[in-house]
Amino acid sequence: MTTTERSREDVTVDFDVYDQSIAAPIDRFQERAAELAAKGPVVYSTAYGGHWIVTRYNEIHEVLRDAETFSSYPNNLVTNEAFGKFIPIELDPPEHTGYRKALQPLFGPARMKKLTDEIRDVVNDLIDGFAAKGEAEYISAFAHELPARIFLALMDWPIEDAPLFTEATDVVLFGKPGGTEEESLEARGIAGMQMLGYFQKMVDERRANPGDDVTSQLIHTEVEMQDGLRLLTDEELNRMFFLLLIAGLHTVQGSLAWAIVHLVNNPGQRQDIIDDPDAIPTAVEEILRIEAAVVPGRRATRDVELGGMKISEGEQLILMLCSANRDGDEFDEPDELDLTRKPNRHLAFGGGAHRCLGSHLARIELTIALEELHRRIPDYELVESDPPVFHASQVRGCVRMPIRFTPES
Ligand code: HEM
């Protein structure tokens, strides 16, 4: 048995994962994360009624692999209970298992292969929109649009519907910019309904006229659930679609943005991938490592000891994947970007039962995006007078990033 030497008070820190003042400049969040990790593998914050923060690679791995002790509901510190659970991310095994299986056809190798060509087309379409101008607001013109369109391609829904999602998802996730809390809540409700309305329309269409598309397949395939072999209900389908959309959007958007910043700051390594695009898949892993976007949440289902601390049943934890990915016990020179790093067992996609279902898709999106950006506008730079705007939350990311480059002729 391990003895617990330190008390909760000894490791109490002042840290709020949603505090926007730690979002910028880009290094600030990581600096704060490193300070927490230096204090201990498991520290405590009084924010949001009190919660634990797990900072080190081994302890995070331990939590991710033990879904029985560490429930995934709620996954967010700020949760609207009335909304219910996100499927499958907030369900624990065995309830989780059937839904996860139901989603597999979306991400199988044949499907990923087909999507690869579509992704390259979408990437080049988006770059066409700004390449001749010599400047762009990279997030709205590219990094936000790409995953929104790919979500539609993934579902076999019309890519032309992307603008519907662009605004609605931002409102659902971040509320009304500049609005009061009440206004934000109302705007979120309306935008949420709008998105669910769209999903329901797609379900109705494919229920009535099933095709060989993946949505029809999801609707018409019986899955082994806890209550027996059955079809998924509209409610279950809509909840899954909602999660798929938000899971793939700001994560990819953030990673695309961090890629630009780190490559601007490391011109030699940027030149290496311009000269040798075959090096890009390995480089993508390093981009994912150095700035993991997600800070997943868990709740202890029993009293448990972790990293020398006593965690009580019912207490919440957040997992700082970004600091696990910079843990010196796992990675040499963890704060340095090394696009050739191997092995690179980063935890940006989590681990265990909930390991990211979209990880292959995300890797393909990032790889193709970096290939085409470096082929077409390789000398991009940030704009000093208009620096990027990052945001802090349990999915960190970037909301604005003006860039300049030599126009394509
Ligand atoms: C760079 C991009 C991405 C990153 C860093 C990322 C990261 C993660 C992480 C850390 C988790 C686990 C969360 C937890 O344990 O609580 C997760 C789960 C998940 N991700 Fe991703 N993700 C990315 C892209 C995507 C994409 C493109 C999709 C699909 C369109 C996707 C779909 C999902 C789903 C469905 C889950 C839930 C899996 C489950 O509960 O079994 N992700 N992701």
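How many of the 11 residues of helix H6 are buried? Before turning to that helix, a word on the model is needed. The structure is a predicted model, in which local features need pLDDT of at least 70 and side-chain atom pairs count only at pLDDT 80 or more, whereas totals for chains, interfaces and linings use all residues. Residues are numbered from 1 along each chain as its sequence is written.

Taken as a whole, the protein has 14 helices and 15 strands, where helices (H or I, at least four residues) and strands (E, at least two) are DSSP runs numbered from the N terminus. The radius of gyration, taken over C-alpha atoms, is compared here with a globule rule of 2.2 Å times the number of residues to the power 0.38. For the protein this radius is 21 Å, close to the 22 Å that the rule gives for 409 residues, so the protein is as compact as a globular protein of that length. Its C-alpha trace spans about 65 × 55 × 45 Å along the principal axes. Of the 409 residues, 39% count as buried, a residue being buried if 20 or more other C-beta atoms lie within 10 Å of its own, exposed if 12 or fewer, and partly exposed in between, with C-beta atoms placed from the backbone.

Helix H6 can now be placed in this frame: 9 of its 11 residues are buried, and the helix is thus mostly covered. Among the buried residues are Glu145 and Arg149 as well as Leu146, Ile150 and Phe151. The buried residues of H6 pack against helices H3 (95–107), H4 (109–128), H5 (138–143) and H7 (162–174), and also against H10 and H14. Just after H6, Asp156 takes a positive phi of about 65°.

Helix H6 (145–155) also belongs, with H10 (234–265) and H14 (359–376), to the elements that give two or more residues to the shell around the ligand. That shell holds 27 residues, of which Gly248, Pro296, Gly350, Cys356 and Gly358 come nearest; a residue counts as near if its C-beta atom, placed from the backbone, lies within 6 Å of the molecule. The largest share of the shell, 7 residues, comes from H10. By class the shell divides into 18 nonpolar, 8 polar and 1 charged.

Helix H10 likewise gives the most to the largest nonpolar core, with 15 residues. In this core of 110 residues, Met320 and Leu321 touch the most other members, a nonpolar core being a set of buried Ala, Val, Leu, Ile, Met, Phe, Trp, Tyr and Cys residues joined through C-beta atoms within 7 Å. Leaving aside neighbours within four places in sequence, Met320 is in contact with Ala33, Leu36, Ile53, Val54, Thr55 and Val295, where contact requires C-beta atoms, placed from the backbone, within 7 Å. His262 lies in H10 too, but is partly exposed, with 19 other C-beta atoms within 10 Å. Not counting residues up to four places away in sequence, His262 touches Ile287, Ile290 and Leu337.

Among the strands, 3 form an open sheet in the order E5-E15-E12, with antiparallel pairing. Strands E5 (135–137) and E12 (381–382) stand at the edges, each with a single partner strand, so one side of each is left without a neighbour in the sheet. Two strands pair if DSSP finds at least two bridges between them; 2 bridges join E12 to E15 (residues 402–404), and Ile403 in E15 is the bridge partner of Leu382.

Key: Ala, Val, Leu, Ile, Met, Phe, Trp, Tyr, Cys and Pro count as nonpolar, Asp, Glu, Lys and Arg as charged, and the others, Gly among them, as polar. Two residues are in contact if their C-beta atoms, placed from the backbone, lie within 7 Å.
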